[in-house]
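Biologist: I would like to go through this model with you, one question at a time. Please give the reasoning before each value or name.

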Amino acid sequence: MIIPNVTKPETLDYTKRLCDFFAAKGIKTSVSTNLSKKPDANLPIDMAVVLGGDGSVLMGASYLEHRDIPIIGINFGHFGYLTECEPKDGFDAIEKVLRGDFVLEERMMLLCKLYSEDQSTYTEYTALNEAVIYRGSLMHILNIPLWINSKPIADFLCDGVIISTPTGSTAYNLSSGGPVLVPTSENIAITPICQRNPYCSSIVTSGEDVICASTDKPPFCALTVKNR
């Protein structure tokens with residue numbers, strides 16, 4: 001499957017060249033340009049080639065969520081942390097993959113549960129990048145107690161808290177002063193946003209830990225779960 005970022009016109013010509021490349025090798029391909037609808041569960045997909053930047057790779061991963069399909073990214077963006085190569089090297093990189101000359105990186109995801117105020121019900125989400133609790137009003141600062149494995153760890157007085165995977169550690173977490181995690185590690189970074197206590201900075205936990213964060217101002221805050 002080929003997933004181009006259609007907002008970048010140069011990916012469309014590259015997509016055509018990739019289709020011809022695979023056809024010459026007798027490999028069937030499909031092209032997905034509308035990621036709002038999940039692919040047919042019965043459609044056999046051995047590999048996805050994403051044409052774009054880091055955001056495109058994350059969108060492709062979200063699109064193929066739970067399908068356990070390897071993704072190779074060809075960078076048509078700016079930074080390309082998550083992509084494998086630049087367009088000039090794309091065909092050579094795919095040739096190596098087809099020969100079995102590659103290393104598969106597995107990336108962890110977050111399982112997030114947003115509880116109702118009385119904690120009687122919850123809504124479940126998954127995140128490849130991060131879950132962010134942030135203030136929805138510019139007039140209110142948040143007090144966010146944090147527990148890890150049912151033990152109180154910190155009490156953040158801040159604008160919000162970023163709970164990030166290694167994949168997401170180079171995004172909002174990094175720009176907020178958080179640590180960069182090794183992409184294949186099983187760790188979680190917890191970084192307060194505009195923390196009022198300068199002595200309480202980021203916390204790195206195991207990927208197996210259960211993290212609980214709450215707030216005393218639910219009408220004035222929001223949860224964002226990011227896969228892209």
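Biologist: At about what angle to E3 does helix H3 run?

Modeller: This is a predicted model. Helix H3 covers residues 90-98 and lies across E2 and E3. Its direction relative to E3 is about 165°.

Biologist: Which strands are the edge strands of the open sheet with the order E1-E2-E3?

Modeller: The open sheet has 3 strands in the order E1-E2-E3, with parallel pairing. An edge strand pairs on one side only. That applies to strand E1 (2-4) and strand E3 (71-75).

Biologist: Which residue in E3 is the bridge partner of Gly 52?

Modeller: Strand E2 spans residues 48-52 and runs parallel to E3. The two strands are joined by 5 bridges. For Gly 52, the bridge partner in E3 is Asn 75.

Biologist: Why is the pair of Tyr 14 and Phe 91 stacked, tilted or edge-to-face?

Modeller: The search of the whole structure finds 5 aromatic pairs. In the pair of Tyr 14 and Phe 91, the ring centres are 5.2 Å apart and the planes are at 40°. Stacked needs planes under 30 degrees apart and edge-to-face needs over 60, so this pair is tilted.

Biologist: How many residues apart are Phe 21 and Phe 91?

Modeller: Phe 21 and Phe 91 form an edge-to-face pair, with 5.2 Å centre to centre and 75° between the planes. Phe 21 is in helix H1 and Phe 91 is in helix H3. The pair links distant parts of the chain, 70 residues apart.

Biologist: Is Phe 91 buried or exposed?

Modeller: The cut-off for buried is under 20% relative accessible area. Phe 91 has 18% relative accessibility, so Phe 91 counts as buried.

Biologist: Which strand gives the most to the largest nonpolar core?

Modeller: The largest nonpolar core has 19 residues, and Leu 110, Ile 144 and Phe 156 are among those with the most contacts inside it. Several strands each supply at least two residues of this core, including strand E4 (110-115), strand E8 (151-158) and strand E10 (187-193). With 4 residues, the strand that gives the most is E7.

Biologist: How many residues has the other core, which lies apart from the largest one?

Modeller: Val 161 is one of the residues with the most contacts inside the largest core. Val 161 touches Ile 144, Phe 156 and Ile 190, among others. Apart from that core lies another, with Phe 21, Phe 22, Ile 74 and Phe 91 among its members; its count is 15 residues.

Technical notes
Residues numbered from 1 in each chain as written. Predicted model: local features only at pLDDT ≥ 70, side-chain atom pairs only at ≥ 80, totals over all residues. Heavy atoms only, no water. Core = buried A, V, L, I, M, F, W, Y, C linked by side-chain atoms within 4.5 Å. Buried < 20%, exposed > 50% of the residue type's maximum accessible area, 1.4 Å probe, protein only. Contact = heavy atoms within 4.5 Å. Pairing = 2+ DSSP bridges. Axes fitted to C-alpha atoms, helices over the stretch in contact; angles between N-to-C directions. Phe/Tyr/Trp six-rings, centres within 6.5 Å; stacked < 30°, edge-to-face > 60°. Lists of a residue's contacts leave out its neighbours within four places in sequence.
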